[in-house]
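I opened this model to look up its helices and one strand residue. My notes follow the order in which I checked them.

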Amino acid sequence: MIKIKVIYDDSYVKSVRITGHAMYDVKGKDIVCASVSTLAISSINLCISLDETAISYKDDEGLLEINVLKKDGVINNVLLNMINMFKELEKDYSKNIKFI
């Protein structure tokens with residue numbers, strides 16, 4: 001199961017931690033894992049293209065961690081959008097994705 005933990009500072013995202021594997025299907029065919037990975041990496045890349053000093057991230061096998069270094073409204077909106085998309089996925093794949 002993919003577990004997602006979000007920490008907020010007021011209404012701003014402070015950090016996002018994504019761990020685990022979806023186990024929806026075999027490696028290479030797991031659409032849930034692919035969706036989460038695509039959303040996360042696309043959001044990280046957008047944040048970095050907007051301001052390369054706004055976030056830091058760690059990408060390791062079974063772990064993706066995003067830490068916000070600057071309170072910025074645009075960066076926050078990018079991350080909130082990513083979180084909302086994860087919540088939509090969780091509705092359809094509740095056995096594979098869980099917010100903690």
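These entries cover two helices and then a serine; the model is predicted.

**Helix α1.** I began with α1, residues 31-50. I find 20 residues and a reach of 28 Å from first C-alpha to last, close to the 28 Å expected at 1.5 Å a residue. I listed its buried residues: Val 32, Val 36, Ala 40, Ser 43, Ile 44 and Cys 47. Down the axis they fall within an arc of 100°, so they line one face of α1. The spacing fits a general rule: an α-helix has 3.6 residues a turn, so residues three or four places apart point the same way. I then looked at what they pack against, and noted β1, β2, β3, β4, α2 and β5. The face turned away carries exposed Thr 38 and Ser 49. At the N-terminal end I found a cap: a side-chain oxygen of Asp 30 lies 3.1 Å from the backbone nitrogen of Val 32.

**Helix α2.** I moved on to residues 73-92. This helix reaches 29 Å, close to the 28 Å expected. Its buried residues include Ile 75, Leu 79, Met 82 and Phe 86. The buried set covers an arc of only 160° around the axis, which puts them on the same side of α2. On the other side I see Asn 77, Lys 91 and Asp 92 exposed. I checked the start too: a side-chain oxygen of Asp 72 reaches to within 2.9 Å of the backbone nitrogen of Val 74.

**Ser 15.** Is Ser 15 buried or exposed? I read 14% relative accessibility, so Ser 15 counts as buried. Ser 15 sits in strand β2, residues 12-19. Beyond its sequence neighbours up to four places away, Ser 15 touches Lys 5, Val 6, Ile 7, Ile 66 and Asn 67.

How values were computed:
Residues numbered from 1 in each chain as written. Predicted model: local features only at pLDDT ≥ 70, side-chain atom pairs only at ≥ 80, totals over all residues. Heavy atoms only, no water. Helix = DSSP H or I, 4+ residues; strand = E, 2+ residues; numbered from the N terminus. Buried < 20%, exposed > 50% of the residue type's maximum accessible area, 1.4 Å probe, protein only. Contact = heavy atoms within 4.5 Å. Expected span 1.5 Å × (residues − 1). Arc of directions from axis to C-beta. Polar contact = N/O pair within 3.5 Å; in protein donor to acceptor, adjacent residues only side chain to side chain.
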